[in-house]
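Here are a few exercises to work through with the model open on your screen. Try each task yourself before you read the solution under it.

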Amino acid sequence: MNLAFIGHHLCQDHKPGAHHPECPERLFAIADRMIASGMEMLVTHYDAPEVTREQLLRVHDPEYVDLIFNSAPTVDGELAWIDGDTSMSRGTLPAALRAAGASVMGVDLVMSDKHHAAFCCVRPPGHHAERKRSMGFCFFNNVAVGAAYAMAEHGLKRIAIIDFDVHHGNGTQDIFEGDERVLFCSSFQHPFYPGHGWETDAPNIANLPLPKLTDGPAFRTAVEEHWLPRLDAFAPELIMISAGFDGHAEDDMAHFNLHTSDYGWITRKLHELARKHCGERIVSCLEGGYELNALGRCVSTHVDELIGHA
Ligand SMILES: [Zn+2]
């Protein structure tokens, strides 16, 4: 079945500075690989809308949203640093509004059964953005905006968010910790960036801290033991994914030894769960992944498994 592939050309215009790893070329590498792999033929492209202020305010404080809007540079070449590694160029705010709007559109497309699944091929990423704090290349928490929208506008009461980026999804945890309508599962290298905010007793958080050099077999065993039974028991009405691929062995951002096939495997497992519980409904949002060749291969494999083969 055909997949919704949601993006926007303005996502290329977020330019956080020379040599910054979260670069526009990431989107070009994905587009090239989608064509080379033949996956391009199996998706329908959509232009992401801008997220609305109302949609942002479900997960971010109004003062924080105002700060991001007011910090946006108005001159080409100017950078506004919001955090030690998170900067805004003139194109950042328009890109961030589309990136968050993409997950809202993805939710609408799968809830209306136009597509069973959607991949939001957007930047800047979102999972480090907390309710009132920007960090780790993130401004608005794209996946959280989509999940909050699905609860508010589609009445969903059980959403699973799986975050397999190599970094902990501290922003998503900050936003949904204690909200039992959301089961948040985050795997991450530990100890490592961001290093705060992951320890919790909240019953809706299923963190999976893993040591550096974690490889595919160890990752799969941990997911099978700690996540899959819990996700099955939760019986989600929608599965959302923070799809970061910076745990790939070729990615220098971190120190996991995962391979493209491991990302294919976890996507297949999530697709099986979605088929069992929620009519295959999955909305996946791109997070990290900085080695361009590996990123392209991982995304095309992820998309392949989101489409499914059953
Ligand atoms: Zn990451």
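**Exercise 1. Find the residues that leucine 286 is in contact with, leaving aside its neighbours within four places in sequence.**

Step 1. Apply the contact rule: two residues are in contact if their C-beta atoms, placed from the backbone, lie within 7 Å.

Step 2. Read off the partners: Cys120, Cys121, Val122, Arg123, Pro125 and Ala243 are in contact with leucine 286.

Step 3. Place the residue. Leucine 286 lies in strand β10 (residues 282–286); helices (H or I, at least four residues) and strands (E, at least two) are DSSP runs, numbered from the N terminus.

Step 4. Look along the sequence. Glycine 244 is 42 residues away from leucine 286 in sequence, yet their C-alpha atoms are 6.0 Å apart in space.

Before you go on, two notes on the material. This is a predicted model, in which local features need pLDDT of at least 70 and side-chain atom pairs count only at pLDDT 80 or more, while totals for chains, interfaces and linings use all residues. Residues are numbered from 1 along each chain as its sequence is written.

**Exercise 2. Decide whether leucine 286, phenylalanine 137 and aspartate 113 are buried or exposed.**

Step 1. Set the cut-offs: a residue is buried if 20 or more other C-beta atoms lie within 10 Å of its own, exposed if 12 or fewer, and partly exposed in between, with C-beta atoms placed from the backbone.

Step 2. Leucine 286 has 31 C-beta neighbours inside 10 Å, so it counts as buried.

Step 3. Phenylalanine 137 is buried because 25 other C-beta atoms lie within 10 Å.

Step 4. Aspartate 113 has 10 other C-beta atoms within 10 Å and is therefore exposed.

Step 5. For the whole chain, buried residues make up 55% of the 310 residues.

**Exercise 3. Describe how strand β9 (residues 238–243) is covered and paired.**

Step 1. Check burial. Six of the six residues of β9 are buried, so the strand is largely enclosed by the rest of the structure.

Step 2. Sort the side chains. In a regular strand the side chains alternate between the two faces of the sheet. Leu238, Met240 and Ser242 point one way from β9, and Ile239, Ile241 and Ala243 point the other way.

Step 3. Find the partners; two strands pair if DSSP finds at least two bridges between them. Strand β6 (residues 159–163) pairs with β9 in the parallel sense over five bridges, and aspartate 163 stands opposite serine 242. β9 also pairs with β10 in the parallel sense over five bridges, with alanine 243 opposite leucine 286.

Step 4. Follow the connection. From β9 the chain passes through helix α9 (residues 260–277) to β10, a right-handed β-α-β crossover. Right-handed means that, with the strands pointing away from the viewer, the path from the first strand over the helix to the second runs clockwise.

**Exercise 4. Check the span of helix α4 (residues 92–111) and see what follows it.**

Step 1. Work out the expected span, which is 1.5 Å times one less than the number of residues.

Step 2. Compare. The 20 residues of α4 should span 28 Å, and the end C-alpha atoms are 29 Å apart, which agrees.

Step 3. Look at its surroundings: 17 of the 20 residues of α4 are buried.

Step 4. Move past the end. Aspartate 113 follows α4 and lies in the loop between α4 and β5. Its phi is positive, about 65 degrees, although aspartate 113 is not a glycine.

**Exercise 5. Locate the backbone features in the loop between β5 and α5, and a cis peptide bond in another loop.**

Step 1. Recall the background: most residues other than glycine have a negative phi, and most peptide bonds are trans.

Step 2. Proline 124 is in the loop between β5 (117–120) and α5 (142–154). A cis peptide bond joins arginine 123 to proline 124, with omega about 5 degrees.

Step 3. Phenylalanine 137 lies in the loop between β5 and α5, and its phi is positive, near 75 degrees.

Step 4. Turn to the loop between β7 (182–189) and β8 (205–210), where proline 194 lies. Tyrosine 193 and proline 194 are joined by a cis peptide bond with omega about 0 degrees.
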